[in-house]
Amino acid sequence: MMRWSPARPPRPRCPHRRLRHLLIRELPPGLAPGASTLRAWASASFVGARHIFPCALAAGEAEPMRRALQERLGALEWRLPGHIVADVLVECGRDPRTLRIEILTVED
């Protein structure tokens, strides 16, 4: 006797590598991303991940760069198949020459 079992639809692939590639293209010269991480994220209605990219400034102050980058990255239309960028946050790090970029993606 064969039993029918509904198969779950395939989940979209994790966009972390593509997101890192797109982010690097948007970063200004002198801002180098470090080792990135991601954390799973979910709400009552959505499933996704928080992608965290620490960056180091070659020179200059982090705060003016943070403001400019927040505006620039927040206005971008990210192309991530199967995912939507829901939020972008750019924060100054503990060191005056570091920034932390956090991007929240949700499955489409």
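**Cysteines**

I began with Cys-92, which at 33% relative accessibility counts as partly exposed, and then turned to Cys-55, which at 3% relative accessibility counts as buried. Since this is a predicted model, I took every value below as computed from its atoms. I looked for disulfides and found zero in the structure.

**Overall layout**

I listed the secondary structure next and found two helices and five strands in the protein, which follow the pattern α-β-β-β-α-β-β when read along the sequence. Of the 108 residues, I noted that 29% are buried. When I took the contacts with a separation of 6 or more, I found that 62% of them come from residues 24 or more positions apart. The accessible surface comes to about 7700 Å², and I noted that carbon and sulfur atoms hold 54% of that area.

**Nonpolar core**

Which residues have the most contacts inside the largest nonpolar core? I found Leu-69, Leu-73, Trp-78 and Ile-101 in that role, within a core of 18 residues. I then asked which elements give two or more residues to this core, and the list I obtained holds helix H1 (16–26), strand E3 (47–57), H2, E4 and strand E5 (98–107). As a background note, I wrote that in soluble globular proteins nonpolar side chains tend to be buried together.

For Leu-69 I set aside the neighbours within four places in sequence, and what remained in contact with Leu-69 was Leu-27, Pro-28, Leu-31, Gly-74, Val-90, Leu-99 and Ile-101. I noted that Ile-101, one of these contacts of Leu-69, is also listed among the residues with the most contacts inside the core.

**Leu-19**

I moved to Leu-19, which has its place in helix H1. Is Leu-19 buried or exposed? I counted Leu-19 as buried because its relative accessibility is 0%, and the cut-off for that label is under 20%. Apart from its neighbours within four places in sequence, I found Leu-19 in contact with His-51, Phe-53, Trp-78, Leu-80, Val-85, Ile-103 and Thr-105. I also checked the pair Leu-19 and Arg-79, whose C-alpha atoms are separated by 8.6 Å although the two residues are 60 residues apart along the chain.

**Glu-26**

In helix H1 I also looked up Glu-26. With a relative accessible area of 19%, I had to label Glu-26 buried, because the cut-off is under 20%. The side chain of Glu-26 makes a polar contact with the side chain of Arg-72, at 3.4 Å. Leaving aside neighbours within four places in sequence, I found Glu-26 in contact with Arg-72, Leu-73 and Leu-76.

**Salt bridges**

How many salt bridges does the structure hold? I counted six, and I followed some of them residue by residue. As a general remark, side chains of opposite charge can pair when their charged atoms come close.

I started with Glu-63, which at 31% relative accessibility counts as partly exposed and which I found in a salt bridge with Arg-66, where the closest N and O atoms are 3.0 Å apart. These two residues are separated by about one helical turn, because they are three residues apart in helix H2 (residues 62–75). I found Glu-63 in a salt bridge with Arg-67 as well, with closest N and O atoms 3.3 Å apart. Arg-67 and Glu-63 are four residues apart in helix H2, about one turn of the helix, and I recorded Arg-67 as partly exposed, with a relative accessible area of 47%.

I then took Arg-100 and Glu-91, whose salt bridge has its closest N and O atoms 2.9 Å apart. I noted Arg-100 as partly exposed at 27% relative accessibility, and Glu-91 as partly exposed with a relative accessible area of 32%. Following shared partners, I found that salt bridges join Arg-50, Glu-91, Arg-100 and Glu-102 into one network.

**Ala-86**

My last entry concerns Ala-86, which I located in strand E4 (residues 83–92) and which is partly exposed, with a relative accessible area of 49%. Beyond its neighbours within four places in sequence, I found Ala-86 in contact with Leu-104 and Val-106. For Ala-86 and Val-106, which lie 20 residues apart along the chain, I noted a C-alpha separation of 6.6 Å.

Definitions and conventions: Residues are numbered from 1 along each chain as its sequence is written. This is a predicted model: local features need pLDDT of at least 70, side-chain atom pairs count only at pLDDT 80 or more; totals for chains, interfaces and linings use all residues. Side-chain values use heavy atoms; hydrogens and water are left out. A salt bridge is a side-chain nitrogen of Lys or Arg within 4 Å of a carboxyl oxygen of Asp or Glu. Buried means under 20% relative accessible area, exposed over 50%, partly exposed in between (1.4 Å probe, protein chains only). Contact means heavy atoms within 4.5 Å. Accessible areas come from the Shrake-Rupley method with a 1.4 Å probe; for residues, only the protein chains shown count as cover. A nonpolar core is a set of buried Ala, Val, Leu, Ile, Met, Phe, Trp, Tyr and Cys residues joined through side-chain atoms within 4.5 Å. A disulfide is a pair of cysteine sulfur atoms within 2.5 Å. A polar contact is a pair of N or O atoms within 3.5 Å; within protein, one must be able to donate a hydrogen and the other to accept it, and residues adjacent in sequence count only if both atoms are side-chain atoms.
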